[in-house]
Amino acid sequence: MALSFHPTDEQCAAVEAALLGGNLKIKAFAGAGKTSTLQLLASAFGQRRGIYLAFNRDIAAAAARKFPMHVPARTIHAQAWGAADATLRRRGSLDAEPPHVLATRLGIGAVQVRSVTNRVVELVPFETGRIVADALGRFCRSADPQPEASHIVVDEKIDGADAAQLRHWLLPFVRRLWEESATPGAHSAVTPDVVLKLWAMSAPIIDADYILFDEAQDSDGVMLSVLARQRHAQVIYVGDPYQQIYEWRGAVNAMGHIHAPECALTESFRFGPTFAALASRLLAQLGERTPLRGQDSIGSILVEDPSLAPPVDAVLCRKNVTAIWQLAAGIEAGHRPAIRMSPAEVTAFADGADQLLAGQRTFRPAAFSLFENWADAQAFARTPFGQDLLPVVQIVDELGTGYLRALAQKCAPEQHADYVISTVHRAKGLEWKRVKVANDFRFRGADGRPVPDEDELRLLYVAITRAQHVLDISAMRDELVRLVARSR
């Protein structure tokens, strides 16, 4: 395999460590050439049988075009699917049971709980069924032998004590659903996560001499358990522990759970020293002592003055509702923005608001669940708990749900847009020349100082490292200045 680049000292050190044999962990910061390092490894291993595994389908597809034929690239879910028998494959193609049907079949009725604002709300079968189905998925993505209460995640708007009682009540139903899913010869639908869990519990052996496991920070307990059992193969784990932003789906601090010698790729080829210095300050807040280095040859401009408003290629937001707000602002300004959301995702907010305005409960989008009417949504958006919901509430109040529906139809295709609007989660793995970061991150602190938790710091790190040449942080300048000052 011909290489079109000159390896760095860090990349050479990683190859040398891998050639010594044994498992290896490579910590690669944003833009630090992890894909090219994996190509180096495949080349150094010669004709040994390898396999490239990733969590993300798009990343696996891109890798398939870069690696030799004897190193196939696929997702770990695809690996499990390939080992499934015909019966399980048929079940995997069936439509999932709707949440309210699932709840009715399991005998789960409605239940009343208190919200964080001390209101009594009713969880109907659709909601309890959705919680049970979600808990099954979280269990399947864990290394645990059976479902536990910790796999049951309830709406953050529910009071803590009531949430604990709800988990205890629903746990037997989650375990029953797992037993139904795992029964050989059953005819009910199964999800890809169930297929992966069943494969993992069969103690599979991956037919390869070495395994390149990319984006390792996004892996979950079940994936790590499979790889830990591959005693016959050398496993190279590659990832950035600070880009682990999928806790909401049950991901673990994977890089911290991997026990193997470690190498590091700390030189980013995406941006210059200015952005690297800012990213390093955030990493310091997360306990990282090694700074991220940028390229002196890359010009990178940090924009802190909101009056400058330079043109950008991407606007990155923490929440979907902020992305919708940015879409509306862009269109009103005469721009042609694209948004990394489907029209159906945008209109779901309009549909849900219409139902609440009519005094009816709604279950989509999830942000509107637990509200009895629109007044409840308005009141919640004005509380400290509901700030994330405020942008879309303001759009509905000031412009109506018809405006939201019109927005969904006015999005430009990305290839023809002036810029793209995206959440940080959907921007992961991407890069743009000019990026603006919206100010919708959660900064906490009773004394007014920004003190985000680790999840929020990692999201910020991912956001600011998407930019190559221009990074506009003017919307959140004061918060960032105070935050990075704490790392000095």
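**Close-up 1. Lys34, Asp214, Glu215, Asp218 and Lys428 are joined in a network of salt bridges.** A salt bridge here means a side-chain nitrogen of Lys or Arg within 4 Å of a carboxyl oxygen of Asp or Glu. Before looking further, please note that this is a predicted model, in which local features need pLDDT of at least 70 and side-chain atom pairs count only at pLDDT 80 or more, while totals for chains, interfaces and linings use all residues. Residues are numbered from 1 along each chain as its sequence is written, and side-chain values use heavy atoms, with hydrogens and water left out. Side chains of opposite charge can pair when their charged atoms come close. In one pair of the network, the side chains of Lys34 and Glu215 meet with N to O at 2.9 Å. Lys34 belongs to helix α2 (residues 34–44) and Glu215 to the loop between β6 (210–213) and α10 (221–228), so this salt bridge ties together parts that are 181 residues apart in sequence. Helices (H or I, at least four residues) and strands (E, at least two) are DSSP runs, numbered from the N terminus. Are these two partners buried or exposed? Lys34 is buried, with a relative accessible area of 19%, and Glu215 is buried too, at 9%. Buried means under 20% relative accessible area, exposed means over 50%, and partly exposed lies in between (1.4 Å probe, protein chains only).

**Close-up 2. Glu97 and Arg105 form a salt bridge, and so do Glu180 and Arg176.** The closest N and O atoms of Glu97 and Arg105 are 2.9 Å apart. Glu97 is partly exposed at 33% relative accessible area, and Arg105 is partly exposed at 36%. For Glu180 and Arg176, the closest N and O atoms are 3.3 Å apart. How many residues separate Glu180 and Arg176 in helix α8? They are 4 residues apart in this helix (residues 160–182), which means a separation of about one helical turn. Glu180 is partly exposed, with a relative accessible area of 21%, and Arg176 is partly exposed at 36%. A search of the whole structure finds 36 salt bridges.

**Close-up 3. Strand β7 (residues 234–239) is largely enclosed by the rest of the structure, because 6 of its 6 residues are buried.** In a regular strand the side chains alternate between the two faces of the sheet. Which residues of β7 sit on each side? Gln234, Ile236 and Val238 are on one side, and Val235, Tyr237 and Gly239 are on the other; all are buried. Strand β1 (residues 24–28) pairs with β7 in the parallel sense over 4 bridges, and Lys27 stands opposite Gly239. Pairing requires that DSSP finds at least two bridges between two strands. β6 also pairs with β7 in the parallel sense over 4 bridges, and the bridge partner of Tyr210 in β7 is Gln234.

**Close-up 4. Helices α13 (residues 320–332) and α17 (residues 401–410) cross at roughly 75°, their axes coming within 10 Å.** That makes α13 roughly perpendicular to α17. Angles under 35 degrees count as roughly parallel, over 145 as roughly antiparallel, 65 to 115 as roughly perpendicular and the rest as oblique. The axes are lines fitted to C-alpha atoms, for helices over the stretch in contact, and angles run from 0 to 180 degrees between N-to-C directions. Ile324, Leu327, Ala328, Ile331 and Glu332 of α13 make the contact with Tyr403, Leu404, Leu407 and Lys410 of α17. Contact means heavy atoms within 4.5 Å.

**Close-up 5. Six strands form an open sheet with parallel pairing, in the order β9-β14-β13-β10-β12-β11.** Which are the edge strands? They are β9 (301–303) and β11 (337–339), each pairing on one side only. From one strand to the next, the twist averages 25°. β11 runs parallel to strand β12 (residues 419–423) and is joined to β12 by 3 bridges, with Ile339 opposite Ile421. Helix α13 lies across β10 (314–317), β11 and β12, running at about 160° to β11. Helix α19 (residues 454–464) lies across β10, β13 (432–437) and β14 (467–472), at about 140° to β13.

**Close-up 6. Pro72 lies in the loop between α3 (57–64) and β3 (73–75).** Pro72 is partly exposed, with a relative accessible area of 29%. Pro72 and Tyr52 are 20 residues apart in sequence and 6.1 Å apart in space, C-alpha to C-alpha. Leaving aside neighbours within four places in sequence, Pro72 is in contact with Gly50, Ile51 and Tyr52.
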